[in-house]
Amino acid sequence: GLGDVYKRQVDNCSYFARPVSEQAYPDYKDIIHFPMDLSKIKSNVDQGKYGQDRDAAGKFYSDLLLMFDNCRWYNGPNNYVTKEATRVMKFLPEIYAEYCLMTAKKLKKN
């Protein structure tokens, strides 16, 4: 399920697993106005914040892209964290496909 996919990918992308530390990066929120990380995405899924309609998968995908865009914007294109984000983006299709399947199952029930 999505939880298994999420856990497997978090294990592979620890930079994005939790919110950026304000203590370590005090200027982060001055530069990034809409922070996003995998724990927030998972919480949004668990709490149904993306909804269960046909737009849910698009909202989910937008937050994944936001997370990577924030990384690139804050760190610059040649930073090692941005390079790690590029590597992690390879997992996006698998995460997105699993979410779409989960959403489709919920739609069929309704």
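Let's start with the largest pocket, which has 23 residues in its lining. Nearest its centre you'll find Y15, P19, V20, Y25 and Y28. Please keep in mind as we go that this is a predicted model. The volume of this largest pocket comes to about 440 Å³. Which elements give two or more residues to that lining? They are helix 2, covering 28–31, helix 4, covering 56–75, and helix 5. Helix 4 is the top contributor, giving 5 residues to the pocket lining. As for chemistry, the lining splits into 13 nonpolar, 5 polar and 5 charged residues.

Some of those names come back on the surface. Y15, V20 and Y25 join Y80 in a nonpolar surface patch of about 410 Å². You just heard Y15, V20 and Y25 listed among the residues nearest the centre of the largest pocket. So what about Y80, the other member of the patch? Y80 belongs to helix 5, which runs through residues 80–88. Is Y80 buried or exposed? Y80 counts as exposed, because its relative accessibility is 54%, and the cut-off for that class is over 50%.

Let's stay with helix 5 for a moment and turn to charges. Side chains of opposite charge can pair when their charged atoms come close. How many salt bridges does the model have? The count is 3, and I'd like to show you each of them.

In helix 5, R87 pairs with E84, and their closest N and O atoms are 2.5 Å apart. The two residues are 3 positions apart in helix 5, about one turn of the helix. Now look at how they sit relative to the surface. R87 is partly exposed, since its relative accessibility is 32%. E84 is classed as buried because its value is 19%, and buried means under 20%. So here a partly exposed R87 is bridged to a buried E84.

Next, helix 3, residues 38–46, where K42 and D46 are both found. Their side chains form a salt bridge at 2.7 Å, N to O. K42 and D46 are 4 residues apart, again about one turn of the helix. K42 is partly exposed, as its relative accessible area is 29%, while D46 is exposed, with 54%.

The remaining pair is E22 with K29, and there the closest N and O atoms are 3.2 Å apart. E22 counts as exposed because its relative accessibility is 51%. K29 has 47%, so K29 counts as partly exposed.

Last stop, the enclosed space. The structure holds 2 cavities of 30 Å³ or more, and the largest of them contains about 60 Å³. Its lining is made by N44, V45, G48, Y50, G51, Q52, Y99, M102, T103 and K106. Helix 3, which we met with the K42 and D46 pair, is one of the elements giving two or more residues to this lining, and helix 6, covering 92–109, is the other. Which helix gives the most? That would be helix 6, with 4 residues. By class, the cavity lining has 4 nonpolar, 5 polar and 1 charged residues.

To recap for anyone with the structure open: helix 5 carries Y80 from the nonpolar patch, holds the R87 and E84 bridge, and gives residues to the lining of the largest pocket. Helix 3 holds the K42 and D46 pair and helps line the largest cavity. Thanks, everyone, and I'm happy to take questions!

Note on methods
Residues numbered from 1 in each chain as written. Predicted model: local features only at pLDDT ≥ 70, side-chain atom pairs only at ≥ 80, totals over all residues. Heavy atoms only, no water. Patch = residues over 30% accessible without salt bridge, like charges linked within 9 Å, V, L, I, M, F, W, Y side chains within 5 Å. Areas by Shrake-Rupley, 256 points an atom, 1.4 Å probe, with all protein chains shown as cover. Salt bridge = Lys/Arg side-chain N within 4 Å of Asp/Glu carboxyl O. Buried < 20%, exposed > 50% of the residue type's maximum accessible area, 1.4 Å probe, protein only. 1 Å grid on protein atoms, 1.4 Å probe; cavity = no way out; pocket = protein on both sides within 12 Å on 5 of 7 lines; lining within 4 Å. Points joined across faces, edges and corners; volume = space filled by probe spheres on them. Nonpolar A, V, L, I, M, F, W, Y, C, P; charged D, E, K, R; others polar.
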